[in-house]
Amino acid sequence: MNDRLERIEKIREKVLDSMPDSWRSPENKLNWFRGWLASHDETHHLVRVAACKAAMHNMATPVISDHELIVGRPCYRVLSQAEQQELNEYEKLVAPSLPHLNGQ
């Protein structure tokens, strides 16, 4: 097999074997809530959601593995005790107040 194809197959197998059930890591959730609170002055819902996504990506811990072709996978690190407590409070207090809109 061609070296490039072999490399791609190896990466494909690794990704499929290690793919988590969800792309929503605890770190991404926490950063999303932080973005939501930071954009509290924004009046347009879609702009506020965009600010949340930007905060989520800007504050993400980079994940770069060996033989990486594409970088940008979520980090599934264990949150510190303070971060976990902050996330729990956001899920308890902020999440119920979020609009139930998925997109436009």
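Here are some friendly questions and answers about how the helices of this predicted model pack.

Me: What kind of model is this, and which elements does the protein have?
Reply: This is a predicted model, where local features need pLDDT of at least 70, side-chain atom pairs count only at pLDDT 80 or more, and totals for chains, interfaces and linings use all residues. Residues are numbered from 1 along each chain as its sequence is written, and side-chain values use heavy atoms, with hydrogens and water left out. Helices (H or I, at least four residues) and strands (E, at least two) are DSSP runs numbered from the N terminus. The protein has 0 strands and 4 helices, running α-α-α-α.

Me: How do α2 and α3 pack, roughly parallel or oblique?
Reply: Helix α2 (residues 26-38) and helix α3 (residues 45-58) have axes 7 Å apart at an angle of about 135°. Axes are lines fitted to C-alpha atoms, for helices over the stretch in contact, and angles run from 0 to 180 degrees between N-to-C directions. Under 35 degrees counts as roughly parallel, over 145 as roughly antiparallel, 65 to 115 as roughly perpendicular and the rest as oblique. The two helices are therefore oblique.

Me: Which residues of α3 make the contact with α2?
Reply: Contact means heavy atoms within 4.5 Å. On the α2 side are N28, N31, W32, G35, W36 and L37. From α3 come H45, R48, V49, C52, K53, A55 and M56.

Me: What is the angle between α2 and α4?
Reply: Here the partner is helix α4 (residues 81-94), and the axes come within 10 Å. The pair is oblique because of its crossing angle. That angle is roughly 60°.

Me: How many charged residues does the contact of α2 with α4 have?
Reply: Ala, Val, Leu, Ile, Met, Phe, Trp, Tyr, Cys and Pro count as nonpolar, Asp, Glu, Lys and Arg as charged, and the others, Gly among them, as polar. The contact includes K29 and R34 of α2, with E83, E86 and E91 of α4. By class there are 8 nonpolar residues and no polar ones, while the charged residues number 5.

Me: Is R34 buried or partly exposed?
Reply: R34 lies in helix α2 and has a relative accessible area of 26%. Buried means under 20%, exposed over 50% and partly exposed in between (1.4 Å probe, protein chains only). R34 is therefore partly exposed.

Me: Which residues does R34 contact, leaving aside neighbours within four places in sequence?
Reply: R34 and M59 are 25 residues apart in sequence, and their C-alpha atoms are 9.8 Å apart in space. With those neighbours set aside, the contacts of R34 are M59, E83, E86 and Y90.
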